[in-house]
Amino acid sequence: MNVAEVLVKALEHEHVEYMFGIPGEENLYIMKALKESGKIKVVIVRHEQGAAFMADVYGRLTGRAGVCFSTLGPGATNLITGVADANGDGAPLVAITAQVSTDKMPLTSHQYLDLETLFQPITRRTKMIVAPGSTNEIVRLAFKYAEGRHPGATHICIPQDVSSMEVPEGAPMKLLNRPTPLHEYADENRLIEASALINRAQHPIILVGHTAVAEHAEKALTEFAEKLHIPVVNTMMAKGVIPCNSPYYMATIGMPMEDYPNIMFDHADLVICVGYDIVELAPAKWNKEDNHKILHIDARPADVNKLYQPDTEVIGDISYSLEQLMLSCDGKKEPEDFFKVRDMFREEKDSYAKDTGFPVKPQKLLYDVRKIMGPADIVISDVGAHKMWISRHYECYQPNTCIISNGFATMGIAVPGAIAAKLVYPDRRVLAIAGDGGFMMNVQELETAVRLNIPVVFLVLTDQSYGLIKWKEDMHFGENFYVNFSNPDFVKLAESMHVHGFKVESTDEIIPTLEKAFTCGGPALVECPIDYRENDKLTAHLADVMKKYREAKAK
């Protein structure tokens with residue numbers, strides 16, 4: 001067997017289900033090995049960035065490394081953004097790229113780049129297969145690091161001549177064991193310290209991050225919050241880790257400005273951080289005065305940050321830690337002050353239920369989207385102004401039902417990400433929500449959805465601008481510039497690519513139009529004009545809310 005054939009056997013051994021990418025002449029032997037095996041489904045895409053995003057979202061939803069591949073040079077550089085996104089967001093991914101033959105590496109060579117150096121800062125590990133006998137080991141290490149306690153992206157590079165070399169018989173041909181990861185449990189003394197912190201607190205609050213989702217801690221977290229009567233605020237990437245219908249679910253934090261959750265943090269005397277990662281939400285967003293006691297509960301130690309210095313760290317299996325703390329902590333009084341703030345927020349959101357303004361207000365759009373999406377259905381958010389509204393207004397009943405990139409926070413993820421989500425969960429509705437800016441970055445993958453007959457719905461919110469940057473320019477300067485562009489006719493564009501096209505012409509058409517899109521029997525695009533004048537209105541409204549709160553607090 002040659003290196004390419006052993007590589008494919010090793011990928012099968014790692015339970016790889018899909019590989020997303022584009023072939024090239026330098027990885028022909030790998031493509032041939034995949035064809036002869038027939039056990040891994042190969043999804044050919046229209047741009048390597050789309051392949052990386054598909055592998056990224058596959059990894060988020062399954063906990064197993066998504067695999068993307070490319071040829072050398074420009075094919076490999078096209079993978080970069082999606083690979084970096086997976087690494088920044090903690091999604092397991094393995095990228096496999098080709099490379100020039102080993103005899104060409106010391107010379108000036110067509111399409112040559114030092115890919116190990118290129119991928120090094122955006123992966124957990126990058127290695128080139130030079131010795132054929134190391135193939136199985138390098139593949140096993142790539143998956144070990146990608147799927148480890150701190151998941152992320154890894155990279156394997158295979159020179160063109162090496163892929164066709166024979167692998168020696170004996171140990172090099174042997175597939176390596178995939179050991180079951182050991183669960184590490186928190187130190188008993190740290191649990192005692194944590195219990196004491198919780199028992200002394202009068203107004204604790206839980207801040208839960210995406211590692212709690214990856215560690216499947218939703219059941220233990222919900223029981224912990226409900227038994228001890230502690231309110232919960234989640235980050236964007238932890239939506240649904242406590243169901244939105246729990247009495248202790250408060251809100252999502254992460255808006256560019258102070259919001260209702262900041263009032264809750266101001267009132268708290270202990271912040272219990274569960275699976276919280278500072279790459280997703282800077283501590284300055286909730287602890288800028290450095291005046292909070294902090295309890296860190298996670299599978300790994302806290303990062304170093306001057307505004308995030310935990311009084312105690314409980315490191316180990318998150319569910320186990322929460323279960324043990326439940327046994328030793330006393331329940332608190334009902335957090336009535338937190339409930340009041342939550343209810344103010346909910347009243348504000350519900351006030352848009354019957355809004356008929358057009359273009360559609362983002363609050364109304366998300367109110368209606370929630371009505372047609374089931375508890376297990378999946379929304380994939382692109383990055384832009386709509387991401388802020390989705391995080392704030394779209395409530396979730398289960399984890400991993402609203403996918404938001406907020407570590408690396410990359411535009412262009414929604415279209416390919418939704419295709420991957422539908423491959424993982426074919427029986428669920430999958431809705432990609434993108435702005436007209438982010439949508440056009442990977443619009444070519446509509447053809448992939450058509451070719452694979454994947455019935456996903458792409459909701460494109462149009463305002464002819466890079467809305468989030470426009471919003472921030474308005475916040476900083478009171479004016480905006482260099483953010484506007486024109487759009488194609490999205491319905492005609494969709495139809496030209498054999499995608500069903502719809503356009504929302506009035507606010508009362510949101511639900512019936514989306515229902516048509518979901519039941520049309522194939523991929524569908526819905527264009528919806530969006531009223532982002534609400535961005536600046538929200539900025540002014542929240543400034544007023546915070547001013548009144550602080551004035552009342554000072555009295």
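The following dialogue explains how to read several features of this predicted model.

Me: Let us begin with accessibility. Is Asp 103 buried or exposed?

Reply: The general idea is to compare the relative accessible area with two cut-offs: under 20% is buried, over 50% is exposed, and values in between are partly exposed. Asp 103 counts as exposed because its relative accessibility is 54%. This residue is found in the loop between β4 (93-99) and α5 (115-119).

Me: Which class does Ser 319 fall into, buried or exposed?

Reply: Ser 319 has a relative accessibility of 14%, so it counts as buried. Its place is in helix α13, which spans residues 318-328.

Me: What does Ser 319 touch, leaving aside residues up to four places away in sequence?

Reply: With those sequence neighbours left out, Ser 319 touches His 216, Ala 217 and Ala 220. For one of these contacts, a separation can be given: Ser 319 and Ala 220 are 99 residues apart in sequence, and their C-alpha atoms are 5.3 Å apart in space. A second pair may be read in the same manner. Asp 103 and Ala 432 are 329 residues apart in sequence and 45 Å apart in space, C-alpha to C-alpha.

Me: Where does Lys 349 lie, and what does it touch?

Reply: Lys 349 belongs to helix α14, residues 336-350. It is buried because its relative accessible area is 8%. Not counting residues up to four places away in sequence, Lys 349 touches Arg 392, His 393 and Glu 395.

Me: I should like to turn to charged pairs. How many salt bridges does a search of the whole structure find?

Reply: Side chains of opposite charge can pair when their charged atoms come close. In this structure, a search of the whole model finds 29 salt bridges. One of them is formed by the side chains of Arg 64 and Glu 17, at 3.5 Å from N to O.

Me: Why does the pair of Arg 64 and Glu 17 tie together separate parts?

Reply: Arg 64 lies in the loop between α3 (48-62) and β3 (66-70), and Glu 17 lies in the loop between α1 (3-13) and β1 (18-21), so the pair ties together parts that are 47 residues apart in sequence. Arg 64 counts as partly exposed, at 34% relative accessibility. Glu 17 is partly exposed, with a relative accessible area of 30%.

Me: Which residue forms a salt bridge with Arg 60 at 2.7 Å within helix α3?

Reply: That partner is Asp 56, and the closest N and O atoms are 2.7 Å apart. Both residues lie in helix α3, 4 residues apart, which is about one turn of the helix. Arg 60 and Asp 56 are both buried.

The side chain of Arg 60 also meets that of Asp 89 in a salt bridge, with 2.7 Å from N to O. This pair links distant parts of the chain, since Asp 89 is in helix α4 (residues 73-89) and Arg 60 is in helix α3, 29 residues apart. Asp 89 is buried, with a relative accessible area of 3%, and Arg 60 is buried at 14%. Elsewhere, salt bridges that share partners join Glu 14, Arg 140, Glu 147 and Arg 178 into one network.

Me: How should I read a sheet, and what is the order of the 6 strands in the open sheet?

Reply: Strands of a sheet pair through backbone hydrogen bonds, either parallel or antiparallel. Here the open sheet of 6 strands has parallel pairing and the order β14-β13-β15-β16-β18-β17. Its edge strands are β14 (402-404) and β17 (500-503), each of which pairs on one side only. From one strand to the next, the twist averages 20°.

Me: How many bridges join strand β15 to strand β16?

Reply: The parallel strands β15 (residues 430-435) and β16 (residues 457-462) are joined by 5 bridges. Among the partners, Leu 431 has Val 457 in β16. Helix α15 (residues 362-372) lies across β15, β16 and β18 (524-529), and runs at about 170° to β16.

Me: Finally, how many cavities of 30 Å³ or more are there?

Reply: Rolling a probe the size of a water molecule over the atoms shows where empty space is left. In this model the count comes to 4 cavities of 30 Å³ or more. The largest cavity has a volume of about 70 Å³. Residues that line the largest cavity include Thr 211, Tyr 276, His 296, Arg 300 and Tyr 308.

How values were computed. Residues are numbered from 1 along each chain as its sequence is written. This is a predicted model: local features need pLDDT of at least 70, side-chain atom pairs count only at pLDDT 80 or more; totals for chains, interfaces and linings use all residues. Side-chain values use heavy atoms; hydrogens and water are left out. Helices (H or I, at least four residues) and strands (E, at least two) are DSSP runs, numbered from the N terminus. Buried means under 20% relative accessible area, exposed over 50%, partly exposed in between (1.4 Å probe, protein chains only). Contact means heavy atoms within 4.5 Å. A salt bridge is a side-chain nitrogen of Lys or Arg within 4 Å of a carboxyl oxygen of Asp or Glu. Two strands pair if DSSP finds at least two bridges between them. Axes are lines fitted to C-alpha atoms, for helices over the stretch in contact, and angles run from 0 to 180 degrees between N-to-C directions. On a 1 Å grid over the protein atoms alone, a cavity is a set of points where a 1.4 Å probe fits but cannot get out, and a pocket is an open set with protein on both sides within 12 Å along at least five of seven lines; lining residues have an atom within 4 Å of a point. Grid points are joined across faces, edges and corners, and a volume is the space filled by probe spheres set on the points.
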